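Hi everyone, thanks for coming. I'd like to take a few minutes to walk you through a structure, so let me put it up on the screen.

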Amino acid sequence: MADATAPMMDASGIPLKLSLRRAEGKKRRTAIMLVLPLLAFVLVTFIFPIMQMLWRSVDNPRFQTYLPETTAILQAWDGKSAIGNAFYEAMGAEMAQAMRDRTLGKVANRFNRDMSGGKSLIIKTGRKLKKLKTGPYKDIIINADKRWSDPNVLLKLKISSTPFTASFYAKALDFTHDNNGDITRLPDDERIYVKLFVRTFVVALAITIITIFLAYPISYLMASLPARSSNLLMIMVLLPFWTSLLVRTTSWIVLLQTQGTLNDIMVWLGIIGDENRVQMIYNMTGTIVAMSHILLPFMVLPLYSVMKTISPNYTRASRSLGANPFVSFYRIYFPQSVPGIGAGSILVFILAVGYYITPALVGGQSGTLISNMIAFHMQKSLNWGLAAALGGVLLACIILAYWAYDRVVGIDNMKLG
């Protein structure tokens, strides 16, 4: 008689539990091996660039690299007492060497971002020191420019020379350092970045709402029609993807400009006079119209994929029980399509927040978004630290918006459950 306490065996004589664990471990290892290429791709093209951006937004190596002894003395200084001759001697020797090595301009550019006229101050002093091999340097430095004896200038130099800085994030949020080294708000006429952030999110929200109203009936029609007609509509929805983004954007310039097609049609119909043509380009109107058209497919596709799974039997049943078409749609069909609205909304919103080419071409000054300012600092002003800080703030706002969306959707799901 078999022992009831003996473990069950598989065909190979191995205990069944051990065999199942081995099989599960093998499947897990196989899954990991299959996912590794995708993981490596995401790390190289997504995670690493983001980490590099966040590092650049706080990294401040210029002073420490080219003026190391000067930086050490500045960081040890309390900002209130006299700084002492050691600072001037170290700065004189290092600035003279940096001028000869042609690296002082990098330090000057960094200082100029914290103090207006800082670049000319350092370069002018460096020229005076270039030919000197030994000190004393204090009198030469102060005679080169009296500002070197001003404690406020030295305090700004101390702030600029910190190896890791929050100055870029402060500026990205329209803050600055005052003469005491404290962080304060910029004057109203100098605050530009917070306004751009607000404008960007308002435009992204407006585009999301517009695309919902445009995409919902299209998706409903595609989901309701027979397969042949639905496929034809799907091709028309996807057709813009076969055309260059630049071509689509410039087409809107042709349509919306003052002497463009739409204005010509309205003049021909007598809706407006030839002298009253509407300005619809190089402003916020052009940005919203062009971006809504470009991002519309990203709302249609999630909506259609959800609507296609909704059985028409539900609405037929509600109609047979006495509900009118509006009640049947509002109470039965619409709630089932909400996941498609949510998926399309978050997709369109995130894409709209980071859009660059379309606002740059059709937005003009009033249609500029924060992405255009990030590109400006990367390509023209070469202030990569500030560009990285603006990108970091934008990333944090998007994560916060997605977290809020996820919380709201989760609450709604619990209520429905």
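**Charged pairs, a surface patch and a buried threonine**

Let me begin with Asp274, which is partly exposed, with a relative accessibility of 48%. Before I go on, please keep in mind that this is a predicted model.

So which side chain does Asp274 meet in a salt bridge? The partner is Arg277, with 3.0 Å from N to O. Arg277 itself counts as buried, because its relative accessibility is 18% and the cut-off for buried is under 20%.

Arg277 also meets the side chain of Asp264 in a salt bridge, here at 2.8 Å from N to O. Where do the two residues sit? Arg277 is in the loop between helix H13 (261-269) and H14, while Asp264 belongs to helix H13, so this pair ties together parts that lie 13 residues apart in sequence. As for Asp264, it is partly exposed at 35% relative accessibility.

Let's move along to another pair. Asp114 and Arg110 join their side chains in a salt bridge, at 3.0 Å from N to O. Is Arg110 buried or exposed? Arg110 is buried, with a relative accessible area of just 1%. Asp114, on the other hand, is partly exposed, at 23%.

There is a network to show you as well: salt bridges link Lys124, Asp145 and Arg147. And how many salt bridges does the structure hold? The count is 7.

Now for charges on the surface. If you rotate the view, look for a positive patch made up of Arg100, Arg102, Lys130, Lys131 and Lys133. Let me pick out one of these residues, Lys133, which you will find in the loop between helix H6 (118-129) and helix H7 (138-144). With a relative accessible area of 70%, Lys133 is exposed, since exposed means over 50%.

To finish, here is a residue from the inside. Thr287 is placed in helix H14, which covers residues 284-307. Its relative accessibility is 0%, so Thr287 counts as buried. Which residues does Thr287 touch, leaving aside those up to four places away in sequence? They are Val203, Pro359, Val362, Gly363 and Gly367.

To recap the two ends of the tour: Lys133 is exposed, and Thr287 is buried. Thanks for listening, and I'm happy to go back to any of these views.

Methods. Residues are numbered from 1 along each chain as its sequence is written. This is a predicted model: local features need pLDDT of at least 70, side-chain atom pairs count only at pLDDT 80 or more; totals for chains, interfaces and linings use all residues. Side-chain values use heavy atoms; hydrogens and water are left out. Patches are made of residues with over 30% relative accessible area and no salt bridge: like charges are joined within 9 Å, nonpolar side chains (Val, Leu, Ile, Met, Phe, Trp, Tyr) within 5 Å. Accessible areas come from the Shrake-Rupley method with a 1.4 Å probe; for residues, only the protein chains shown count as cover. A salt bridge is a side-chain nitrogen of Lys or Arg within 4 Å of a carboxyl oxygen of Asp or Glu. Lys and Arg count as positive and Asp and Glu as negative; His and the chain ends are not counted. The place of a charge is taken as NZ of Lys, CZ of Arg, CG of Asp or CD of Glu. Helices (H or I, at least four residues) and strands (E, at least two) are DSSP runs, numbered from the N terminus. Buried means under 20% relative accessible area, exposed over 50%, partly exposed in between (1.4 Å probe, protein chains only). Contact means heavy atoms within 4.5 Å.
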